[in-house]
Amino acid sequence: MKFQKSCMKAAVVMGGISLEHEISMKSGGNISRAVLEGNHHVIPLVITKDNLWSIPDKEITCEEELEAFFKQLPKGHSPEKAVLNLKSLGTEVVFTALHGPFGEDGRIQGFFEILDLPQVGTGVYGSAVSANKIATKFFLRQNHLPTADYYLVSDLEYPENVIENFGFPVVLKAPSQGSSFGLEIIDNYPKLQQKTKALLELENPLMLERFVKGRELTCGVLKMEDGSYKPLPPTEIIPQVSDYFDFEAKYKIGGSLEITPARISSEITSKVQNLALKVHRIFGMGHLSRTDFILDEKDNLFILELNSMPGFTETSLFPQAAAEIGITFEKLVDHLLNLAINRI
């Protein structure tokens, strides 16, 4: 955290057309307030669910102006018009706080790359690969990293040997959704067909995954000012309102017990951090990432998935882990903006 202090004009992009619109709005609002706390100016850009881009007519310099913007959003524009506004306001750096499709899958990242605007996060390649759970599985297997067995589903017919091999329960996933949207843990065949039919309307193909019983862990990686990568303390996640880390467990206050550092041995901590670091590098992650794991009853680790833009809500795991090593939310946002504007 040794960057020279300077006032930046930072655009914070939030909302979006995915199922995670509301979560993104929370992340974007928190980031925008932290930008102001860092003595920078913020240009909030809200993408509505019907893809209109709402932007202020001038940069925002205080929290009162920011809250007024959120209370009464200006009329939305087409993306083309909004980009002209971004440029005319002198935007220097972009913090994209979008989640899910069109937010973390490389499309918006490519858009800002074409505009030659430095941005927080990961570029097109890493974002696209990590946003798709099927592509993630392929890369993990190709690099001999531990992950549960899986099968691709494109219709309602399941080969008998797959069901016999996996057994119940099984995990069914829509591969491009985030925040546990499109994720089901299923304990019988009729329910599997029912859920498969419903999720195929959302995405095709789906991914069927062997269920691994164990403790849920997650570990973030943060890029430092010298270009090196620092794994953060792992967090153990114990859902309190559901059987697994679903949407409600993730975002409801008190929905999960999150313990940082995780209650695991120093040996397993080191293994988790090394795997998170390896995943970050293999997938070409940028300024930050978060890798999710299951630790089974025999202390075997299985990689679940990778997040190229972790959440920044009040209950989000990446900022909690950063705080554990003394990096406050405001310092974290400032650090990421500096990495981006300095193209580190």
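Two strands count as paired if DSSP finds at least two bridges between them, and it is in this sense that the pairing of strand β10 is described below. The structure is a predicted model, and this briefing covers strand β10 with its partners, the enclosed cavities, one open pocket and the cysteines. In the hairpin that β10 forms with β11, 5 residues lie between the strands, and Gly 227 takes a positive phi near 90°.

**Strand β10 and its partners**

- Of the 10 residues of β10, 8 are buried, so the strand is largely enclosed by the rest of the structure.
- With strand β14, which covers residues 288–296, β10 pairs in the antiparallel sense over 9 bridges, and Gly 214 has Asp 296 of β14 as its bridge partner.
- Strand β12, residues 235–239, also pairs with β10 in the antiparallel sense, here over 3 bridges, and Leu 217 stands opposite Glu 236 of that strand.
- The pairing of β10 with strand β11, residues 229–231, is likewise antiparallel and runs over 3 bridges, with Val 221 and Pro 231 of β11 as bridge partners.

**Cavities**

- How many cavities of 30 Å³ or more does the count give? The count comes to 2.
- The largest cavity holds about 60 Å³ of space, and its lining consists of Thr 96, Leu 98, Gly 103, Glu 104, Gln 109, Gln 119, Val 120, Gly 121, Thr 122, Ser 127, Ser 308 and Met 309.
- Sorted by class, the residues that line the largest cavity are 3 nonpolar, 8 polar and 1 charged.
- The second largest cavity, with a volume of about 30 Å³, is lined by Thr 218, Cys 219, Gly 220, Pro 233, Thr 235, Arg 290, Leu 317, Phe 318 and Ala 321.
- Strand β10 (214–223) and helix α11 (317–324) each contribute at least two residues to the lining of the second largest cavity, and by class this lining has 5 nonpolar, 3 polar and 1 charged residues.

**The second largest pocket**

- The second largest pocket contains about 260 Å³ of space, and among the 16 residues that line this pocket, Pro 118, Gln 119, His 287, Ala 340 and Arg 343 lie nearest its centre.
- Two or more residues of this pocket lining come from each of α4 (107–114) and α12 (329–341).
- By class, the lining of the second largest pocket is made up of 6 nonpolar, 6 polar and 4 charged residues.
- Gln 119 is one of the residues lining the largest cavity, and Gln 119 is also among those nearest the centre of the second largest pocket.

**Cysteines**

- A search of the whole structure for disulfides finds 0.
- Why is Cys 62 without a bond to Cys 7, which holds the closest cysteine sulfur? The two sulfurs are 13 Å apart, which is too far for a bond, because a disulfide requires a pair of cysteine sulfur atoms within 2.5 Å.
- Cys 62 has a relative accessibility of 25% and therefore counts as partly exposed, since that class lies between the cut-offs of 20% for buried and 50% for exposed.
- Cys 219, by contrast, has a relative accessibility of 1% and so counts as buried, and Cys 219 is one of the residues that line the second largest cavity.

Note on methods: Residues are numbered from 1 along each chain as its sequence is written. This is a predicted model: local features need pLDDT of at least 70, side-chain atom pairs count only at pLDDT 80 or more; totals for chains, interfaces and linings use all residues. Side-chain values use heavy atoms; hydrogens and water are left out. On a 1 Å grid over the protein atoms alone, a cavity is a set of points where a 1.4 Å probe fits but cannot get out, and a pocket is an open set with protein on both sides within 12 Å along at least five of seven lines; lining residues have an atom within 4 Å of a point. Grid points are joined across faces, edges and corners, and a volume is the space filled by probe spheres set on the points. Ala, Val, Leu, Ile, Met, Phe, Trp, Tyr, Cys and Pro count as nonpolar, Asp, Glu, Lys and Arg as charged, and the others, Gly among them, as polar. Helices (H or I, at least four residues) and strands (E, at least two) are DSSP runs, numbered from the N terminus. Buried means under 20% relative accessible area, exposed over 50%, partly exposed in between (1.4 Å probe, protein chains only).
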